[in-house]
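Visitor: I am new to this structure and would like to learn how to read it. Could you take me through its features one at a time?

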Amino acid sequence: MKTDLSLEKTPAQPAAPFASIFRQIIQRPETSIVILLLLLGAVLSQSSSAFLTPSNLFNILRNNADIAIAALGVTLVIVAGGIDLSVGSTMAFSGLVAAIAVSLGGTTAYQLPSFGLPPLIAFALGVLAGALVGLINGLLVVKLKVVPFIATLGMLGVVRGLVVGLTSGQTVRNFPVEFTNLGQGFLGPVPIPVVFLVVLALLVGLFLAYHVWGTYIYAIGGNETSATLTGLPVSRVKILTYVLCGALAGVGGVLVVARLGVSAPTQALGYELYVIAAAVIGGVSLSGGRGTVFGAVLGAILIGVLNNALVLLRVESYWQQAFTGGIILLSALIDRLRQRRS
Amino acid sequence: MSKLLEIRGICKRFGATQALKDVDFDVDRGEVVGLLGENGAGKSTLIKILAGVHAKDAGEIFIDGTPASIHTPADAQRLGIAVIYQELNLTPNQTVAENVFLHHMQRQPGLLGKLGLIDRRRREHDTLALFEQLGIHGLDPNRKVGELSVAFQQLTEIAKALAFDARLIVMDEPTSALPDEEVQHLFEIVRRLRARGLGVVFVSHRLNEVRAICDRVVVLRDGHNAGGMPIAEATDDKIISLMVGRAIENLYPKRPAEPGSVVLEVEGLTRRGVIEDVSFSVRAGEVVGLAGLVGSGRTEVARAIFGADPLTRGTVKLEGRPVRIRSPQEALRLGIGYLPEDRKVQGLILGMSVRHNLALTVLRQLAFGGQIVDWSRVDAVALAHAQEVHLRPLRVDLPVNALSGGNQQKVVLGKWLAAQLKVLILDEPTRGIDVGAKAEIHALIDELAHRGMAIILISSELPEVLAMSDRVLVMCEGRLAGELSREEATQERVLALASGKK
């Protein structure tokens, strides 16, 4: 089959006038988050002098880079019409795999094996472990046709249980400094996890916008039946989104371990709430077919700034979850209003 | 005495589009009025204002001569207006009786009823009584609605309307999903309703049906009253020119085929319980019609060839070579395309732009190294194909859900045009499409055949199959009942084969 490419030049369409470009910007979900962020920032810089300092801002980014990176992956899955509830567990599992691989050993009462592998290899193993969890998710959804919500809910339990079981509830510590540097170090003034985030966000964003499979992902999430009957490789693309989601959750999970210098079985517990919230706040539609990586990253930053605000305003940390939940509802409301207007 | 329903000077605007402007419409007791117009002419808007889904901007509605205010669907029901939409409004997992009395449940007598307990036996009894009024006997009121045929689901909707004493029933394209003999049955029921003094509004694209059942027609065009007349005066030409605003020269532009070599050959195609031993071949440049009643296996044959459903048995040959097609993906690679019967659910990605939809089949060919999409090339190719199918407006940046039904179907057709196919299977390509776009799509089909594509045309509209096909295959109960040449194929012979008569 060939495509006729010897087409005559067709006249370009008239450029959109400025007003309509402006309206398009206003209607983008990302815009409302930016406005929300600026408002929050303005309020915070008034009430706390500590907020608007480069070190605090970079800290916010560093502490939330893992969630943002996992949100990149979950964005792929949700845009394709699926959902992954197992990201928190996957993060813990990947972190544990990397921790065991890189640990110099001899710290826990219950002796886990430790291999003292080079940090980058440990990192790769962690990511691979995440990708493996994603592959299982994908196969469950595509081949066994389990509803994504149930398949990944099951994997949430299985993978978390695996982490707790393997460690008997103990922590893994004693990492070489080259490894912890990945979470704690800087590249110039920029924290290394933030560098990871920027690079990965660009890669995933470009993938969605310019790779053939990126468009397939939007098409499948938009209408899977039509996509199938158009002859698109639906099964493979869907599995790929879960694998990438697992791998990106893996990156996030390893970064958490490197940043905290410890792998604990309860690590990233309940993170699926934050990760999915980041994507949804950023305008990724849970019904599929709509959303951007940029929005998801902004969503993660908004959650981070909010949590930071609670700390700076001396709200007890016990209240954080309630606020995050509130933000999800608020963003859903904004999304609803915007859709009604258009 | 004043009429049952009178509508005066209704206006409705959606954003920049004036959907209805000064529209008058009325229905009397015991009258069936055909509401006609192309897609986008304002029929659905008018219906939805009656149903309380949309609020009118201006104008008045009178029921029995008294001004009526309809703000919600509940208001409409209270006034005795029932609307039966094309996409039926039933809950498939509940029983017929539960659906019929969804809004007016029979309660137990006494205290139990006050607590909200339902009298099931009475509900079943009342349901049966309603169906008997419609002339239907022996329907099990405890069957789940989802298990019933579309025709019976429609009856359930009508019974539901009678359950709240509806006096005006609006039917939005009720026949579009019905096989021919069921259409006759529906007409029978409409006549019963008319005899009981109900008013009926009948929306349809099929002029012969309108003429068979309506007393009068009203035509809308671009949100205005274009005209109306008693049925005795309504000829096809008159109605079409009112609908389109001009005369359509030729609804079925078909040039005689110059068939080339055999492109597609299927033998013994079988899918257990669905299709049985279907064999035929299609030549290049030939349009082969696939006729038959709804449920006779036409769509299933198409889906099996296209790899959308698995085969139990049978072989498919493409240009003489045996091929195994296990997925639509493989079919596309081999040059076989399938335009599905429901464009919104199966053919389009509604939220995406025209550009994306047109380019999906060839995205890989338009990408650097088959990986990185060249969007400027996609734009050029999409625009070229949009021009080829006469898309209006000629813009590829619009989301497809902003287009009319006819233009949406042109996008699906354009998508397969882009893929440079050898075989194209069209399943109900003009269902629910207005006359103007229909003629354009017919012209496109003819053009594609002329360029050497092998085309299989599935349609429930017999005039379309007969006029557009070089040969007609007729299916009956999953088997091929016969083959007729263009000269032999008459409505009577096709129907006889389709209904299993020899």
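Visitor: In which loop is Pro393(B) found?

Guide: This is a predicted model, in which local features need pLDDT of at least 70 and side-chain atom pairs count only at pLDDT 80 or more, while totals for chains, interfaces and linings use all residues. Residues are numbered from 1 along each chain as its sequence is written, chains are lettered from A and ligands numbered from 1 in the order in which they are written, and side-chain values use heavy atoms, with hydrogens and water left out. Pro393(B) is found in the loop between helix 14 (375-388) and helix 15 (405-418) of chain B, where helices (H or I, at least four residues) and strands (E, at least two) are DSSP runs numbered from the N terminus. A cis peptide bond, with omega about -5°, joins Arg392(B) and Pro393(B).

Visitor: Where is Asp222(B) placed, between which strands?

Guide: Asp222(B) sits in the loop between strand 9 (216-221) and strand 10 (224-230) of chain B, and its phi is near 50°, a positive value in a residue other than glycine.

Visitor: How should I read empty space, and how many cavities are there of 30 Å³ or more?

Guide: Rolling a probe the size of a water molecule over the atoms shows where empty space is left. On a 1 Å grid over the protein atoms alone, a cavity is a set of points where a 1.4 Å probe fits but cannot get out, whereas a pocket is an open set with protein on both sides within 12 Å along at least five of seven lines, and lining residues have an atom within 4 Å of a point. Grid points are joined across faces, edges and corners, and a volume is the space filled by probe spheres set on the points. By this rule there are five cavities of 30 Å³ or more. The largest cavity has a volume of about 140 Å³, and of the 16 residues that line it, the closest to its centre are Arg206(B), Thr430(B), Arg431(B), Gly432(B) and Glu461(B). Its lining divides into one nonpolar, eight polar and seven charged residues, counting Ala, Val, Leu, Ile, Met, Phe, Trp, Tyr, Cys and Pro as nonpolar, Asp, Glu, Lys and Arg as charged, and the others, Gly among them, as polar.

Visitor: Why does the second largest cavity lie between two domains?

Guide: Domain bounds come from an automatic or database domain assignment. The second largest cavity lies between domain 1 (5-244) and domain 2 (262-335 + 421-498) of chain B because both give residues to its lining. This second largest cavity holds about 110 Å³ of space, and of its 15 lining residues, the closest to its centre are Asp180(B), Gly292(B), Leu293(B), Ser460(B) and Leu462(B). Helix 18 of chain B gives the most to this lining, with three residues, and the lining divides into nine nonpolar, three polar and three charged residues.

Visitor: How much space lies in the second largest pocket?

Guide: About 690 Å³ of space lies in the second largest pocket, and of its 28 lining residues, the closest to its centre are Leu207(B), Asn208(B), Asp236(B), Tyr252(B) and Pro463(B). Helix 8 of chain B supplies the largest share of this lining, five residues, and the lining divides into 13 nonpolar, six polar and nine charged residues.
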